[in-house]
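Me: I am new to this structure. Please take a close look at one part, the nonpolar core, and walk me through what surrounds it.

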Amino acid sequence: KIFIKKLWKSKFDWDDELPKCIVDEWNKIAKQFPHLSTLKIPRWYNTSKNSNSIQLHGFSDASGEAYGAAIYLRNVDQGGNITTSLIISKSRVTPSKTQSIPRLELCAALLLAKLITYVIKDFRHKKFQADEIFLWTDSKVVLHWINGNPNRWKIFIANRVNKILDSTQPTQWRYVTTETNPADLVSRGLYANELHKNHNWFIGPSWLFSTNES
């Protein structure tokens, strides 16, 4: 998506010869395609009647190029064993009009709010629900906006905060460091061979396996 946006911003015509830097970048992407054939994505959530606690953990992040969100299910069985699974993720490239990183982080938080609403509705249809929901961002500015009165903010911020609060509670939103935020991979992009080696993308940050992570 980032590469296509770069092409679009460069305003090339269909029959234009692309500069070497663009061609080299595309070739680097194309060489990653074979890695996708060996990529395995675990789909079982490990939930059962023996589940003692089921949590949803959503993460959002933004960069100058893109923003996105990812949601994980954390399951604790009656024996205290913890398993985590990636449920869904979504990414969007940043708009053409330049926005500040805090505003892009707010867009990412809104995307996460929409995504968690979708997951909750989907679970409801399957007669399945989470005991707790946690939403994480590495932007303290976004947390300040969400926990404040939307009427205090400019229209751009107020509109998005109101939409976030339509489907989530301020108490669900928490701070996570950039280093342990899996949504950072969504906002910055990742080559296929890097994704293949990145097990944390599929199971979330290591602290999800702590018994007192909340």
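Reply: Here is a walk through the core, then a helix that feeds it, then the cysteines. Keep in mind that this is a predicted model.

Start with the largest nonpolar core. It holds 35 residues. Five of them touch the most other members: Leu-56, Ile-71, Ile-87, Ile-164 and Trp-173. Several elements give two or more residues to this core. They are strand S1 (51–62), strand S2 (66–77), H4, helix H5 (140–147) and helix H6 (155–167). H4 gives the largest share, 13 residues.

Now zoom in on Leu-56. Set aside its neighbours within four places in sequence. Leu-56 is then in contact with Ile-71, Tyr-72, Leu-73 and Ile-87, among others. Its contacts also include Ile-116, Val-119, Ile-120 and Phe-123. Ala-130, Glu-132, Ile-133 and Phe-134 are on the list too.

There is also a second, separate core, of twelve residues. Among them are Ala-70, Leu-86, Val-176 and Phe-202.

Back to helix H4, which covers residues 101–125. Its 25 residues, at 1.5 Å a residue, should span 36 Å. The end C-alpha atoms of H4 are 36 Å apart, so the expected and modelled spans agree. After H4 comes Lys-127, with a positive phi near 55°.

Last, the cysteines. Cys-107 is buried, because its relative accessible area of 15% is under 20%. Cys-21 is exposed, because its 54% is over 50%. A disulfide is a covalent bond between the sulfur atoms of two cysteines. A search of the whole structure finds zero disulfides.

Note on methods: Residues numbered from 1 in each chain as written. Predicted model: local features only at pLDDT ≥ 70, side-chain atom pairs only at ≥ 80, totals over all residues. Heavy atoms only, no water. Helix = DSSP H or I, 4+ residues; strand = E, 2+ residues; numbered from the N terminus. Expected span 1.5 Å × (residues − 1). Disulfide = S-S within 2.5 Å. Buried < 20%, exposed > 50% of the residue type's maximum accessible area, 1.4 Å probe, protein only. Core = buried A, V, L, I, M, F, W, Y, C linked by side-chain atoms within 4.5 Å. Contact = heavy atoms within 4.5 Å.
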